[in-house]
Amino acid sequence: MTLTEVAPQPAPQSKRARASLLGPALALPGIAWLLLFFLAPLYVVLAIVFGRTDPIFRTAVPVWNPLQWNPSQFNYVLGRIVGAQGIFGPALLRTAVYVLLAGLLCLLIAFPVAYYVARLSGRGKGLLLALLIAPFWISYMMRMLAWVNLLQDDGLVNRLLSLGGLFDVRVHWLTGQPAVVVLGLAYGYVAYMILPLYAGLDRLPQSTLEAARDLGANRVASFWRVTLPMCLPTIVAAVLLTCLPMLGDYFTSDMLSASPKTAMVGNLINDSVQSPGQTGQAGALVMLVLLVAVLPMFYYVRVTSRGDVSS
Amino acid sequence: MRGPVAWWNDPWRPPRILVGVTAAYLAWSLIPVLIAVIFSFNNGRSRTSWQGFSTRWYWGDATKSVWHDAALHTALLQTLKLGVITTLVTVPLGVMFAIGIDRWRGRLPAGANMLMLVSFVLPEVLLAVALLFVVTSLSLPIGLGTGAQVLGLVTFQIAYPAVLVRARLATIGTQYEEAAMDLGASPLAALRRVTLPLLLPAIFASIVLVFADVIDDFVLVRYLSSNSSTEPVSVKIYNTARAAPTPALNALAALLLFAALLAITLGYLAYRRITRGDHTADRGIAGFAGEA
């Protein structure tokens, strides 16, 4: 032991002052990163949407001063959502319907599964949970590729439906079938719903449910009046966590249908983002999705930071 | 002889319906992928009819196998490269951010925390388009390609370590660190020698999560890639899946799957080792997956 170690401790005030500087010092790089590469890019989108288009090269010219912003590109997009020129309307409506249907389907599948695993105990639970999370770790594109293979005209699905040549089934699954796209979305995103639901249901106090049954509530009533209200915040957070990413999805539709008949708003963004002269239009659509998503996003953030739901 | 009503009312009956739904879900979610992996070993060009077992699409075929086709193995290398670099940047940044936010009270850190959570749920395509605009319309030192891809991926993934570490910080509380400081440790020493070792499980879980999520990423890496040499596996699958590919594409996807499974298995085993004898950490697979 050296002398310096038994030397009197520094005064608590100075230590607290150093401790209070430590927090900001550690957080600053992360905050700077988020400001630079998350918040600032969103402003660049605004500057491009409300900016000009170069008349010769058809490239977007951002305008940084909000006082000089020109809303013509944004108005162009807004004016084509409904009415006679409504070329964007159908895709926007389709997005809403697809996301709602797929989200509902995800909930119908994920809730019973998460409920069952949360009630389970013992050795099988870890393995079952690992299998449930497996899709989460298998590449999304690989899972879509698997279905592209299965749904070919001579693929396994058609052969299975024909019961070994008994019937002649030639369904063209991969050419603009809305049902296939909705099922594909549900298939792709359901794993993201199971985990948060499981986390919430796992924390449900078993004693409260037993009390409900002891006090005479039957199976349905105890579920409806105790379980469901208690895990409603979890359900809402899980649905948002699944449905918000779906809003920007374009690749599921591209992989499983590749037809404008099932184009979603993500497809509109993807199609216009790299065509010359339409950059501002893509930006306007991005802003539109952001506007729709912003309220649910902040609701999710509030639910999460209150500590009701771990995510 | 029991009727269906008695069966329904029996509180001790096994949960047959839940078991059925869970089994059906597992079959539905895993069998298609399993079939795709099996067909990567097909000894023929077809991805729909079985023509015998071979490894020709992995290395046997002299031109079209993953081993010999430059386009395919470049994609695999690019994916792994992005995974490693992004993890190396994201995890320290996110861990520091979480610790910093945790001990800094005020409006600014609260706002930063909210910004971080928003980045977690923002549709990825929005961030990808925004960053594409930034890289293409401003004259930055970073052009499209690996640099821009890492930038975007770090921004999108930083919430993982931040959320996991914050949850772990809330579990372990402040008492250990206060004890260390009462015993004469400086704040920095207490952080390094007490808090960081306690945070190891969360840090470890986020390393595996970020890596697994990055090699799965598609939207950001596609927009921010410069040309076919920086296109990772997911983009390659997207580009060729509908254009009569050979089972080599399945083999490529299967190799990525094996890489992810290997990383996760090794990570989980190591996680179990770190948390051995630790009762504050959730040692199950759910704790490892961060329940996110």
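Let's start at Thr304(A), which sits in helix α14 (residues 279-305) of chain A; helices here are DSSP runs of H or I with at least four residues, strands are runs of E with at least two, and both are numbered from the N terminus. Thr304(A) counts as buried because it has 22 C-beta neighbours inside 10 Å. The cut-offs behind that word are simple: a residue is buried if 20 or more other C-beta atoms lie within 10 Å of its own, exposed if 12 or fewer, and partly exposed in between, with C-beta atoms placed from the backbone. The C-alpha atom of Thr304(A) is separated by 9.1 Å from that of Thr234(A), although the two are 70 residues apart along the chain.

A word on what you are looking at: this is a predicted model, in which local features need pLDDT of at least 70 and side-chain atom pairs count only at pLDDT 80 or more, while totals for chains, interfaces and linings use all residues. Residues are numbered from 1 along each chain as its sequence is written, and chains are lettered from A and ligands numbered from 1 in the order in which they are written.

How confident is the predictor? The model as a whole scores ipTM 0.83 and pTM 0.83. For single residues there is pLDDT, the predictor's confidence on a scale from 0 to 100. Chain A has a mean pLDDT of 78, with 85% of its residues reaching 70 or more. Among the elements of chain A, helix α4 (residues 89-119) has the highest mean, 88, and helix α1 (residues 3-6) the lowest, 42. Residues 1-11 of chain A have pLDDT below 50, and beyond near neighbours in sequence this stretch has three contacts in the model. Chain B averages 82, and 93% of the residues score at least 70. Within chain B, confidence peaks in helix α7 (residues 146-157) at 89 and is lowest in helix α14 (residues 285-288), at a mean of 62.

Now for the chains themselves. Chain A contains 14 helices and two strands, and 42% of its 311 residues count as buried. Chain B comes to 14 helices and zero strands; of its 292 residues, 49% count as buried. The C-alpha trace of chain B spans about 80 × 70 × 35 Å along its principal axes. Two residues are in contact if their C-beta atoms, placed from the backbone, lie within 7 Å. Of the contacts in chain A with a separation of 6 or more, 66% join residues 24 or more positions apart; in chain B that share is 72%.

Chain B is divided into domain 1 (15-54) and domain 2 (72-281), with bounds that come from an automatic or database domain assignment. The C-alpha centres of these two domains of chain B lie 30 Å apart. Seven residues of domain 1 of chain B are in contact with seven residues of domain 2 of chain B. On the domain 1 side, those residues divide into three nonpolar, two polar and two charged. In this sorting, Ala, Val, Leu, Ile, Met, Phe, Trp, Tyr, Cys and Pro are nonpolar, Asp, Glu, Lys and Arg are charged, and the others, Gly among them, are polar.

Where do the two chains meet? The contact takes 83 residues from chain A and 77 residues from chain B. Helix α2 (residues 12-49) of chain A gives the most to the chain A side, with 21 residues. That side divides into 64 nonpolar, 15 polar and four charged residues.

The largest nonpolar core has 175 residues, and those with the most contacts inside it include Met142(A), Ile194(A), Val129(B) and Leu252(B). Such a core is a set of buried Ala, Val, Leu, Ile, Met, Phe, Trp, Tyr and Cys residues joined through C-beta atoms within 7 Å. Helix α8 (residues 178-202) of chain A gives the most to this core, with 16 residues. Domain 1 (15-54) and domain 2 (72-281) of chain B both give residues to this core, so it lies between them. Not counting residues up to four places away in sequence, Val129(B) touches Val45(A), Ile269(A), Val273(A), Ala282(A), Val286(A) and Tyr223(B).

Two of those partners lead us to helix α13 (residues 265-273) of chain A, where seven of the nine residues are buried, including Ile269(A) and Val273(A). In chain B, helix α12 (residues 233-240) is mostly covered, with six of its eight residues buried. What covers them includes α6 (140-150) and α12 (251-256) of chain A, together with α4 (70-102), α11 (219-223) and α13 (247-274) of chain B.
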